[in-house]
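Colleague: Please take a close look at a single part of this model and describe it together with its surroundings. A connected account would serve me better than a list.

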Amino acid sequence: MEYPEDERTFEIQDQYLIGSSFLVKPVTKDKVESIEIYFPGNKEKWYDYETFEVFESFDVTQKLAKIPTPLDKLPVFVKSGSIIPKKEETALTTLRMKENPFHLLIILDSEVKFILFYFILFYLLRHFFFFLIIAICIW
């Protein structure tokens, strides 16, 4: 369980963590233009998954953050210090999906406002194994 020392999270029933990196707050009421969300942790930074806008976790004495919720957006936030593997492209078959590269979304937790790196893991691994096979054959 994440944040067992944060007693304010005990009463929250309408937002949840997926693993330790994702915080989701679905809109559950009709005609809502904004929601209030609580970011757990001790002065941790959370980033909007789509816009990368930064939000900082609060002290127990502070209020909830008010987030606008357009109809086409699910409020999803990523905690600083997270590394998220993902595929940017979709494919209709598993053979084609296997050929699509993985990307790593790395969200640093330093004092930098936000640093986003896309690292093409599949590309590097493919070239690494190609040179490794050549080196073994030559040796």
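Close look at one strand

Modeller: Of the 139 residues of the chain, 27% count as buried, where buried means under 20% relative accessible area, exposed means over 50%, and partly exposed lies in between (1.4 Å probe, protein chains only). The model is predicted, so local features are reported only at pLDDT of at least 70 and side-chain atom pairs only at pLDDT 80 or more, whereas totals for chains, interfaces and linings use all residues. Residues are numbered from 1 along each chain as its sequence is written, and side-chain values use heavy atoms, with hydrogens and water left out.

The chain holds two helices and 10 strands, in the order β-β-β-β-β-β-β-β-α-β-β-α from the N terminus. These elements are DSSP runs numbered from the N terminus, with helices being H or I of at least four residues and strands being E of at least two.

The part chosen here is strand S4, residues 45-48. Lys-45 and Tyr-47 point one way from S4, Trp-46 and Asp-48 point the other way, and all four are buried. In a regular strand the side chains alternate between the two faces of the sheet.

S4 belongs to an open five-stranded sheet with the order S1-S2-S7-S4-S5 and antiparallel pairing. Strand S1 (16-18) and S5 are the edge strands; each has a single partner strand, so one side of each lacks a neighbour in the sheet. From one strand to the next the twist averages 35°, taken between axes that are lines fitted to C-alpha atoms (for helices over the stretch in contact), with angles running from 0 to 180 degrees between N-to-C directions.

On one side, S4 pairs with strand S5 (residues 54-56) in the antiparallel sense over three bridges; two strands pair if DSSP finds at least two bridges between them. Across this pairing, Lys-45 stands opposite Glu-56. The hairpin of S4 and S5 has five residues between its strands, and Phe-52 there takes a positive phi near 65°. S4 also pairs with strand S7 (residues 76-79), again antiparallel and over three bridges. Here Tyr-47 has Val-78 as its bridge partner, while Trp-46 stands opposite Lys-79.

Residues of S4 also appear in the nonpolar cores, a core being a set of buried Ala, Val, Leu, Ile, Met, Phe, Trp, Tyr and Cys residues joined through side-chain atoms within 4.5 Å. Trp-46 is one of the 10 residues of the largest nonpolar core, which also includes Ile-35, Ile-37, Phe-55, Ile-67 and Phe-77. Strand S3 (34-37) and strand S6 (65-68) are the elements that give two or more residues to this core. Apart from it lies another core, of five residues, among them Tyr-47, Val-78, Leu-105 and Ile-107. In soluble globular proteins, nonpolar side chains tend to be buried together.

Close to the strand in space is Ser-80, in the loop between S7 and strand S8 (83-87). Ser-80 counts as buried because its relative accessibility is 13%. Leaving out residues up to four places away in sequence, Ser-80 touches Lys-45, Tyr-47, Ile-107, Leu-108 and Asp-109, contact meaning heavy atoms within 4.5 Å.

The last residue of the strand, Asp-48, has a relative accessibility of 4% and therefore counts as buried. With the same exclusion of residues up to four places away, Asp-48 touches Glu-53, Phe-55, Lys-73, Val-76 and Phe-77. The side chains of Asp-48 and Lys-73 form a salt bridge at 2.7 Å, N to O. Asp-48 lies in S4 and Lys-73 in the loop between S6 and S7, so the pair ties together parts 25 residues apart in sequence. Lys-73 is likewise counted as buried, at 17% relative accessibility. A salt bridge is a side-chain nitrogen of Lys or Arg within 4 Å of a carboxyl oxygen of Asp or Glu, and by this rule the count comes to two. Another salt bridge joins Lys-25 and Asp-14, with 2.8 Å between the closest N and O atoms.
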